[in-house]
Amino acid sequence: MKISVKSVLVIILLAFNQLSIAQTNEEKAYEKGMKAIELMDKGKIEESITLLEEAQKLDPNRFDYPYELAYAHYLQKDYKGAIKILEKVEKHKDATAQLFQLLGNSYDNIGKPEDAIEMYEKGIKKFPDAGNLYLEMGIMQMGLKEYNKALEYYEKGIEVHPQFPSNYYWAAKIFCSSSEEVWGMIYGEIFMNLERNSKRTVEISKLLYDTYNSEIQFTSDTTISYSFSQNATINIGNLSDPTKFKLPYGIGVYEPTLMLSLLSVRATDINSLDTIRSIFVDSYFSNKHNESYPNPLFSYQKQIKDAGHMESYNHWILMQGDLDGFDKWYAANENKYDNFIKWFEENAMEINEENKFYRAQY
């Protein structure tokens, strides 16, 4: 069958017109979706839901709109409604780790923790580098008072997604309440660098200060006691091979370096801790033995010290544990601190796949 030129032109025009309509619908859906998120952020959930439903009808193939719609229902505490929406798009090609997190949280909030765990595990299987899902699994284990299991999830989250701060936060809190405070001190400080200005930052600042004070004791004019690690477990299989032998990190690296830092002070107020921490950096990098234990936090501290900002950084880290001490120091060092903050904003600590710290490394 032959088709006339005119007929072909009509077909092309019809196809182009349909494409234009489809693009217009996508654009309209996008505008409604953006407006809906704006309204959601302002607490106008009902209006947001209406716009998201309209956006989904205009562009039914996108993942964003049903996910945001489910989140809006979640904010309304309509957890069953959120579950119903999320289960329909669980296998969507654009589904994210956040879907499994929201789905698991929704199940947990209706009293179905087993289903919540199943969703988190399903998400981890699909997204093995999703720090937020390891976080949720850790929180579930803490609810069961299974703190060691919780730590396994938090530290695995740190390993696979080192830029995600929440796993450091919880790991720091657990370790600083244990006999292995060394890991809490390091995780806590890394957390503060990743999440600099939040209520949790304030909390960890005080936790680090209080841990220094509880674990360092000047018992007399000539005696100092300190303990940040009681783990003396050594792999016997490595004793025959000096190239493989390593002492446990806490007693092999952290505490010996700390000991050298304590010799010149007789207190643990914020100014003395600044001195301790500054000497610690020098001692750590002057000992070639420590080259076998690379640590991005200590490397960053050296970068800060080389830039001339270690005193200000230490006072920022420990500020919340000694606010009066910080205020007195700041009154005499305002310009110095302000220069540090400017430098700090432009020179963030780099944590990534190539530059990360987690306990299993050691």
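The largest cavity in this predicted model holds about 120 Å³ of space. A search of the whole structure finds one cavity of 30 Å³ or more. The lining of the largest cavity comprises 13 residues, and those closest to its centre are E189, Y212, Y254, R277 and Q301. Five elements each give two or more residues to this lining: α10 (181–194), α11 (199–215), α12, α13 (270–286) and α14 (296–306). Helix α13 provides the largest share, four residues. Sorted by class, the lining contains ten nonpolar residues, one polar residue and two charged residues.

**Helix α12 and the nonpolar patch**

Helix α12, one of the elements that line the largest cavity, spans residues 249–262 and includes L260. A nonpolar surface patch of about 300 Å² is formed by L260 together with M259 and L263. L260 is classed as partly exposed because its relative accessibility is 45%, between the limits of 20% and 50%. G252 is also placed in helix α12. In contrast to L260, G252 is classed as buried, because its relative accessibility of 8% is under 20%. The C-alpha atom of G252 lies 9.5 Å from that of H289, and 37 residues separate the two along the chain.

**Helix α15**

Another pair that is separated in sequence involves E311, a residue of helix α15 (residues 310–318). The C-alpha atoms of E311 and N271 are 8.6 Å apart, while the two residues are 40 apart along the chain. With a relative accessible area of 29%, E311 counts as partly exposed.

**Salt bridges**

Side chains of opposite charge can pair when their charged atoms come close. With a limit of 4 Å between the side-chain nitrogen and the carboxyl oxygen, the model has 16 salt bridges. Three of the pairs are set out below.

| Salt bridge | N to O distance |
|---|---|
| R62 and D64 | 2.9 Å |
| K93 and D94 | 3.1 Å |
| D282 and K305 | 3.3 Å |

The pair of D282 and K305, with its closest N and O atoms 3.3 Å apart, links distant parts of the chain: D282 belongs to helix α13 and K305 to helix α14, with their positions 23 residues apart in numbering. Helices α13 and α14 also both appear among the elements that line the largest cavity. D282 is partly exposed, at 42% relative accessibility, and K305 is likewise partly exposed, with a relative accessible area of 28%.

In the pair of R62 and D64, R62 has a relative accessibility of 31% and therefore counts as partly exposed. Its partner D64 falls in the partly exposed class as well, at 34%.

The side chains of K93 and D94 also meet in a salt bridge. Here K93 is exposed, because its relative accessibility of 72% is over 50%, whereas D94, at 38%, is partly exposed.

Beyond these pairs, K35, E38 and K42 are joined in a network of salt bridges.

**Summary of the picture**

Helix α12 thus contributes to the lining of the largest cavity and holds both the buried G252 and the partly exposed L260. Helix α13 supplies the largest share of the cavity lining, and a residue of helix α13, D282, is paired with K305 of helix α14.

Technical notes. Residues numbered from 1 in each chain as written. Predicted model: local features only at pLDDT ≥ 70, side-chain atom pairs only at ≥ 80, totals over all residues. Heavy atoms only, no water. Patch = residues over 30% accessible without salt bridge, like charges linked within 9 Å, V, L, I, M, F, W, Y side chains within 5 Å. Areas by Shrake-Rupley, 256 points an atom, 1.4 Å probe, with all protein chains shown as cover. Buried < 20%, exposed > 50% of the residue type's maximum accessible area, 1.4 Å probe, protein only. 1 Å grid on protein atoms, 1.4 Å probe; cavity = no way out; pocket = protein on both sides within 12 Å on 5 of 7 lines; lining within 4 Å. Points joined across faces, edges and corners; volume = space filled by probe spheres on them. Nonpolar A, V, L, I, M, F, W, Y, C, P; charged D, E, K, R; others polar.
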